[in-house]
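Biologist: Let us go through this model together. I will ask, and you reason your way to each answer.

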Amino acid sequence: MALAAAGALALTACGGGGDGGKNEGGGESSGGVSVQLPKLTGQKLQVAAVWTGPERASFIKVLEEFEKRTGATVSYVPSGDDMAGFIGSKVAGGGQPDVAFPPQVGVLREFARKGWLKPLGTAAKEQLAKNFSKGWRELGSYNGTEYGVYYKASNKSLIWYNTKVFENAGVAEPKDWAEFLKTAQTIADSGVPPVSVGGADGWTLTDWFENVYLSQAGPDKYDLLAQHKIKWTDPSVTKALTALGRLFGTPGLLAGGNSGALQTQFPTSVTQTFSGDQPKAAMVSSADYAATNIAQTKAKVGTDAKVFPFPAVGSRSPVVTGGDAAVALKSTEGAQALLTFLASTDAAKIWAQAGGYISPNKELDRAAYANDTMRKIADALIKAGDAFRFDMSDQAPAAFGGKPGQGEWKDLQDFLKNPKDIAGTQKKLEQDAAKAYGG
């Protein structure tokens, strides 16, 4: 299924959003209201999510529209990267937020398994059925009950690049892994470090691994590893780490070297690729939301900063997605109303217009997106339908795939430090996975 979607994600071949009609996902005309919300005057809600900086600012605009239409007052609390730990401590103290946005489907399922989540109400389920494909609805469900609304999605199979650096080095967009490594070496020879890696944030390394693994091993193996039905010591993992090690282990290919990459946080990994006359890197592997970080520089998306699909390591380019699902932690009218709003095209349009965002809402008019690049990325995601694979680490128990300083995040950081230790990396990954999955 993921391989079938790869063609849809060939960004240079995607349409630019069309006329905004029904065939292009246009459920509502500009300025229209697609969902009616209850009056909640005097009610207060608290919402928790991982978003900070520009992403937080864009989401606040969504909450402000909800306040305007309902009369409710909404406060936003950043959870930090460890959403599971944050919510766990709040539940223990009886002070959980009304709504939270776990960025890992494994965390959502963990919350549901513990009985912390409240099922979607009738109005929210109606919006979900109208606006989302089966695959996204199932990701927000547990044991047949719908809990989550995937408000924000991401296409994680992208490479953003500095067009000026590419032009100066005389290189073009690579199509496969061999071409990618050759291109990287040519750029390095031109005097610019080719690849920026935000290794201080371990989740960026899981994205690198997942793209390589899905393209190389295929979707069936990907599903098995995601469920820990095959071990991390499997030969398919050896092969993927070997391929990734050709990038991480070749001197001169990483901005700042391996030690520098381990000290670079994700936002910096993006901005240093597009800042100044002498950028510190030529390329960065990142989801569509890198556009938000690029906007903090003088570079313009679509001209100074362009994007190509993650190069094929196997027979096809991979299609890895991620997303943040809104879930209710309290049985309040306000929580259900917010979930209903977030499942509508109205809420999706607000952040789409702000930029740095794509939605899995298939009825959202693609003309709402801030620029043609984001429109193409979003259009490709929707056209893929259910033919995608969700971020593997996000499907895992939080102890393995979703916590800083432990599990897969830490193990891949150790691999970045020493890319030659493939066997040791696999052994540690399997130990940590077995513990987290319970056997």
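**Helix packing, sheet and cores**

Modeller: In this predicted model, H9 and H10 are oblique to each other.

Biologist: At roughly what angle do the axes of H9 and H10 cross?

Modeller: H10 covers residues 219–226. Phe209, Glu210, Tyr213, Leu214 and Ala217 of H9 meet Pro219, Lys221, Tyr222 and Leu225 of H10. The two axes come within 7 Å, and they cross at roughly 135°.

Biologist: H9 also crosses H11. Is that crossing left-handed or right-handed?

Modeller: H9 spans residues 202–217 and H11 spans residues 235–248; their axes come within 9 Å and cross at roughly 125°. That angle makes H9 oblique to H11. Residues in the contact include Trp208 and Val212 of H9, with Leu244 and Phe248 of H11. The crossing of H9 and H11 is right-handed.

Biologist: Which strands stand at the edges of the open four-stranded sheet?

Modeller: The strand order is E8-E9-E7-E10, with mixed pairing. An edge strand here has a single partner, so one of its sides is left without a neighbour in the sheet. That applies to E8 (195–196) and E10 (305–309).

Biologist: Which residue in E9 is the bridge partner of Val195?

Modeller: E9 consists of residues 283–285. E8 and E9 pair in the parallel sense over two bridges. In E9, the partner of Val195 is Met283.

Biologist: Which helix gives the largest share of the largest nonpolar core?

Modeller: That core has 86 residues, and Phe59, Phe101, Trp160 and Leu342 have the most contacts inside it. The largest share is six residues, and these come from residues 333–342, helix H15.

Biologist: How many residues are in the other core, the one with Tyr161 and Phe180?

Modeller: This core lies apart from the largest one. Met283 and Ala396 are also among its members. Its count is 50 residues.

Biologist: Back to Phe59. Which tryptophans does Phe59 touch, leaving out residues up to four places away in sequence?

Modeller: Phe59 is one of the residues with the most contacts inside the largest core. Its neighbours include Val47, Tyr76, Phe101, Tyr151 and Leu342. The tryptophans touched are Trp51 and Trp351.

Biologist: Is Lys68 buried or exposed?

Modeller: Lys68 sits in H2, residues 53–70. Its C-alpha atom is 31 Å from that of Leu381, which is 313 residues away along the chain. The relative accessibility of Lys68 is 68%, and the cut-off is over 50%. Lys68 therefore counts as exposed.

Terms used: Residues are numbered from 1 along each chain as its sequence is written. This is a predicted model: local features need pLDDT of at least 70, side-chain atom pairs count only at pLDDT 80 or more; totals for chains, interfaces and linings use all residues. Side-chain values use heavy atoms; hydrogens and water are left out. A nonpolar core is a set of buried Ala, Val, Leu, Ile, Met, Phe, Trp, Tyr and Cys residues joined through side-chain atoms within 4.5 Å. Buried means under 20% relative accessible area, exposed over 50%, partly exposed in between (1.4 Å probe, protein chains only). Contact means heavy atoms within 4.5 Å. Two strands pair if DSSP finds at least two bridges between them. Axes are lines fitted to C-alpha atoms, for helices over the stretch in contact, and angles run from 0 to 180 degrees between N-to-C directions. Angles under 35 degrees count as roughly parallel, over 145 as roughly antiparallel, 65 to 115 as roughly perpendicular and the rest as oblique. A crossing is left-handed if the near helix is turned anticlockwise from the far one by less than a right angle, and right-handed if clockwise.
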